[in-house]
Amino acid sequence: VKDKLNISLNNVNEAIDYQIYNTIGQIVSKGSLASNRVHVIDMSQYQGGIYFVTLNTVSHSVTRKVIKK
């Protein structure tokens, strides 16, 4: 990722909350996302490095590693 993180939530019919963590576990961003849409999160203000994005619904949780260039 350079400046924009795209999150596609096709075929998701639940409310989604997200958190973005840095490598020492601090939350650097959080919020809610609408289902069945593509969202763009602006990461231009973050320093280069590794981040973890967690998406949570009532029934599932997914975490992915993102490398900010």
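**Notebook: a six-strand protein**

I read the elements from the N terminus on, and they run β-β-β-β-β-β. That gives six strands and zero helices. Helices (H or I, at least four residues) and strands (E, at least two) are DSSP runs, numbered from the N terminus.

I noted the ground rules next. This is a predicted model, where local features need pLDDT of at least 70, side-chain atom pairs count only at pLDDT 80 or more, and totals for chains, interfaces and linings use all residues. Residues are numbered from 1 along each chain as its sequence is written, and side-chain values use heavy atoms, with hydrogens and water left out.

**Overall form**

I looked up the spread of the chain. The C-alpha trace spans about 35 × 20 × 15 Å along its principal axes. The radius of gyration is 12 Å, which agrees with the value near 11 Å for a compact globule of 69 residues. The radius is taken over C-alpha atoms, and the globule rule is 2.2 Å times the number of residues to the power 0.38.

I then checked burial. Of the 69 residues, 28% are buried. Buried means under 20% relative accessible area, exposed over 50%, and partly exposed in between (1.4 Å probe, protein chains only).

The protein exposes about 4600 Å², and carbon and sulfur atoms supply 49% of that area. The areas come from the Shrake-Rupley method with a 1.4 Å probe.

I also looked at contacts (heavy atoms within 4.5 Å). Among those with a separation of 6 or more, 55% join residues 24 or more positions apart.

For charge, I found 8 positive and 4 negative side chains, with the centres of the two sets 8 Å apart. Lys and Arg count as positive and Asp and Glu as negative, while His and the chain ends are not counted. Each charge is placed at NZ of Lys, CZ of Arg, CG of Asp or CD of Glu.

**Threonine 54**

I went to strand β5 (residues 49-56), which holds threonine 54. Threonine 54 is buried, because its relative accessible area is 9%. Its side chain makes a polar contact of 3.0 Å with the side chain of threonine 63. A polar contact is a pair of N or O atoms within 3.5 Å; within protein, one must be able to donate a hydrogen and the other to accept it, and residues adjacent in sequence count only if both atoms are side-chain atoms. Leaving aside neighbours within four places in sequence, threonine 54 is in contact with residues including Asp17, Tyr18 and Val62.

**The loop between β2 and β3**

I moved to asparagine 22, in the loop between β2 (16-21) and β3 (27-33). Asparagine 22 is buried, since its relative accessible area is 15%. Its side chain makes a polar contact of 2.8 Å with the side chain of glutamine 26. A polar atom of the same side chain lies 3.2 Å from the backbone nitrogen of isoleucine 24. Not counting residues up to four places away in sequence, asparagine 22 touches Val28, Ile50, Tyr51 and Phe52.

Threonine 23 is also in the loop between β2 and β3. Threonine 23 counts as exposed, at 55% relative accessibility. Its C-alpha is 6.1 Å from that of tyrosine 51, though the two are 28 residues apart in sequence.

**Positive phi**

I listed two asparagines here. Asparagine 11 has a positive phi of about 60° although it is not a glycine. Asparagine 11 sits in the loop between β1 (4-8) and β2 and is exposed, at 74% relative accessibility.

Asparagine 36 has a positive phi near 55°. Its place is the loop between β3 and β4 (38-42). Asparagine 36 is partly exposed, at 40% relative accessibility.
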